[in-house]
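Student: Could you take me through how the helices pack in this one, and then give me a close look at the largest pocket? I'd like to know what lines the space and how the helices around that space meet.

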Amino acid sequence: GRSRSSELKIVFGFSWKWIFDEERQIQLGLPMNTASAKSLRSVLVPWIRIVALLFLIGVIFALVLNVLQVQRNVAAFSRDVLSGLALFGLSMSTWWMLPSYGTGAVLVGLAFPCADYHLGESPKVKNEWTSIMRCTALWIGINHAAATLNFSTPAQLTFWVSAMSFCLWWLYDRSRTGLFLALVSAVVATGFNQILVLRGVFSYNEPDLLSVKSWLLSIYFSGGLTIGNIGRQLVM
């Protein structure tokens with residue numbers, strides 16, 4: 001069987017020469033190589049499972065984030081949105097938010113091992129499923145604290161959440177690749193939230209960064225790290 005490194009080379013290195021060989025066989029009317037077809041299935045099936053798991057994890061993370069923010073009155077959906085059947089604070093008219101977050105989780109979860117492979121860098125901390133569970137629990141704790149703790153100023157809350165998110169990176173990653181990708185995912189996700197607010201999907205109470213909460217950057221930073229580490233572990 002193929003090693004995981006060779007599968008990474010096929011998926012992330014775009015080594016698809018054998019696919020073109022099969023297409024050439026079909027064009028010439030020659031029988032397909034059954035061994036190659038089996039190789040295709042053996043490579044694609046595990047990756048389909050990884051993508052499905054990352055998508056599901058992204059949906060679950062979105063529900064956790066949404067429940068904490070809505071129930072604690074940090075964010076509120078508009079009346080037009082709430083006119084549908086609400087589920088975990090999401091109405092039927094905002095169902096598309098869940099697959100959006102799921103798709104984002106797939107992209108982030110695969111970007112981490114892809115970058116590790118191409119840059120030859122790996123987390124300085126050995127990741128196992130036990131540490132992944134602790135990392136996830138810490139991310140949920142940061143979310144809960146951001147939605148419930150009362151600070152005298154928003155800047156103090158933002159500083160505390162940022163410090164905890166940096167601790168999460170230090171405890172479970174410590175790689176420059178993870179730091180960069182988590183920053184990129186945080187900026188993109190916060191920008192996506194900003195667009196949702198501008199379109200009237202929901203609003204934040206007392207926003208302090210344009211139309212959103214400034215600590216959202218740190219929440220998405222730590223969430224990106226968590227999903228990235230999950231993606232790394234699934235690819236292992």
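Tutor: Let's start with H5 (residues 129-148) and H6 (residues 154-172), whose axes come within 10 Å and cross at roughly 180°. Since angles over 145 degrees count as roughly antiparallel, that crossing makes H5 roughly antiparallel to H6. On the H5 side, the residues that meet H6 are Ser-131, Arg-134, Cys-135, Leu-138, Trp-139, Ile-142, Ala-145 and Ala-146. They face Leu-157, Trp-160, Val-161, Met-164, Ser-165, Leu-168 and Tyr-172 in H6. Sort that contact by class and you get 12 nonpolar, 2 polar and 1 charged residues. Keep in mind throughout that this is a predicted model.

Now to the pocket. The largest pocket holds about 550 Å³ of space. It has 25 lining residues, and Gly-104, Ala-105, Val-108, Ser-185 and Ala-189 are the closest to its centre. Four helices each put at least two residues into the lining: H3 (34-71), H4 (97-119), H7 (176-198) and H8 (216-235). H4 gives the most, with 8 residues. As for chemistry, the lining has 19 nonpolar and 6 polar residues, and no charged ones.

So how do those lining helices meet one another? Take H4 and H7: their axes come within 10 Å and cross at roughly 160°, which makes H4 roughly antiparallel to H7. The crossing of H4 past H7 is right-handed. From H4, the contact uses Met-97, Ser-100, Tyr-101, Val-108, Ala-111, Phe-112, Ala-115, Asp-116 and Leu-119. Their partners in H7 are Thr-177, Gly-178, Leu-181, Ala-182, Ser-185, Phe-192, Asn-193 and Leu-196. That contact comes out at 11 nonpolar, 5 polar and 1 charged residues. Val-108 and Ser-185 take part in it, and you've already met both of them among the residues closest to the pocket's centre.

H7 also packs on H8, with the axes 7 Å apart and an angle of about 125°. That angle makes H7 oblique to H8. H7 passes H8 in a right-handed crossing too. H7 brings Gly-178, Leu-179, Ala-182, Leu-183, Ser-185, Ala-186, Val-187, Ala-189, Thr-190 and Asn-193 to the contact. H8 answers with Leu-216, Leu-217, Tyr-220, Phe-221, Gly-224, Leu-225 and Arg-232. By class, the contact of H7 with H8 has 11 nonpolar, 5 polar and 1 charged residues.

If you want one residue to click on, try Ser-185. It's among the residues closest to the centre of the largest pocket, it belongs to the contact of H4 with H7, and it turns up again where H7 meets H8.

Definitions and conventions
Residues numbered from 1 in each chain as written. Predicted model: local features only at pLDDT ≥ 70, side-chain atom pairs only at ≥ 80, totals over all residues. Heavy atoms only, no water. 1 Å grid on protein atoms, 1.4 Å probe; cavity = no way out; pocket = protein on both sides within 12 Å on 5 of 7 lines; lining within 4 Å. Points joined across faces, edges and corners; volume = space filled by probe spheres on them. Nonpolar A, V, L, I, M, F, W, Y, C, P; charged D, E, K, R; others polar. Axes fitted to C-alpha atoms, helices over the stretch in contact; angles between N-to-C directions. Parallel < 35°, antiparallel > 145°, perpendicular 65-115°, else oblique. Left-handed = near helix turned anticlockwise from the far one by under 90°. Contact = heavy atoms within 4.5 Å.
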